[in-house]
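Notebook open, coffee poured. Today I'm looking up salt bridges and how exposed their partners are.

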Amino acid sequence: MGGKSILRVMSALVLAGTLNVAVCATAQAASGVKVIVNNVVITSGDIAKRVAFLRLQRQGGGAEEAKRQLIDEVLKRSEIARVQQSVSTQDVDGAFARFAAGNKMSPEQLGKILDQAGVGVDHFKQFIAVQMSWPRVVNFRYGNANRLTGGDLVKRMMEGGGNKPVTTEYFLQQVIFVIPASKRGAITAKRQAEANASRSQFPGCETSKVFAANYRDVSIRSLGRVLAQQLPEDWKPLVEKAGDGMTTGTRVTEKGVEYLAICKKRQVNDDTAAEIVFRAEDLGKKKAGGEDPNSEKYLEELREKAQIINK
């Protein structure tokens, strides 16, 4: 499942909270081992939480479906860790908080709904983490295999009337007001205020490193050329809103408080841009049609290699 699956789950959670659903029995704190997947234990308590989760989503299948999903998630988490493509804890917490805010709830209120339903915050956040990270792993594995050949490009351009597609090209710098992990809770608000205030003083990309020297623990990183289709989802609306030579709004990330500087922006239609536009279009069609077929292929390989012991 991808981003749309998370949205469907979240919509179900809001409905459950609105209706104060009591039919979702509280998951028991049972700890009996039910499955061992590559030395990772799945307990009866884990399965009970996923059964409650399925009920929130109005899905059937009961314990067997819950067990199947949890086995797949163990395999995905292990592979995510192996190839180091995991989203951060802050990304997951941010997604959780944004969803709560978008539905006029605090994270604490959403957590209460989850607890009352027998799911729990940790179980739901683990689910979100896998759903956010797994597409990264699939793209890491198959991204280069999806490149278009010269003949493919010509064919796609002819289908579009013979013209190369036009897209927006950005040259970006990343400005990071670094926050050590040990001080995250204590100084985040202060660092965010500093970062926001600094945006109006940003002199431009050419002298950004001199500018950064005026602040404590500020890092400047050149991101180079980035096309509109390559912008990360979290940054895309902020970049599109900012003008040429301007800075984006700030975001709190695992590194600290960040914003992007738009060094240069222009419209382009070269071969590289054309390939990226076409690939983005193809990816959009895959998302509209459901799961990326490469995802299931990848997961089936992991299942075949796995040692799965049912107790």
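**Salt bridges, starting from helix H3**

I started inside helix H3 (residues 62–83), where Asp 72 and Arg 68 sit four residues apart, about one turn of the helix. This is a predicted model, so I keep that in mind throughout. The two side chains form a salt bridge, with the closest N and O atoms 3.1 Å apart.

Next I checked burial for this pair. Asp 72 comes out buried at a relative accessible area of 8%, because the cut-off for buried is under 20%. Arg 68 is partly exposed, at 41%.

Then I looked for other partners of Asp 72. I found a salt bridge to Arg 303, 3.0 Å from N to O. That one links distant parts of the chain: Asp 72 is in helix H3, Arg 303 in helix H12 (residues 293–305), and 231 residues separate them. Arg 303 is partly exposed, with a relative accessible area of 23%.

I followed the connections outward from there. Asp 72, Arg 68 and Arg 303 belong to a network of salt bridges that also takes in Glu 65, Glu 296 and Glu 300.

Over to helix H8 (residues 184–199) for another pair. Arg 191 and Glu 194 are both in it, three residues apart, about one turn of the helix. Their salt bridge has its closest N and O atoms at 2.8 Å. Here Arg 191 is the buried partner, at 8% relative accessibility, while Glu 194 is partly exposed at 27%.

Last lookup: how many salt bridges does the structure hold? I noted 16.

Conventions:
Residues are numbered from 1 along each chain as its sequence is written. This is a predicted model: local features need pLDDT of at least 70, side-chain atom pairs count only at pLDDT 80 or more; totals for chains, interfaces and linings use all residues. Side-chain values use heavy atoms; hydrogens and water are left out. A salt bridge is a side-chain nitrogen of Lys or Arg within 4 Å of a carboxyl oxygen of Asp or Glu. Helices (H or I, at least four residues) and strands (E, at least two) are DSSP runs, numbered from the N terminus. Buried means under 20% relative accessible area, exposed over 50%, partly exposed in between (1.4 Å probe, protein chains only).
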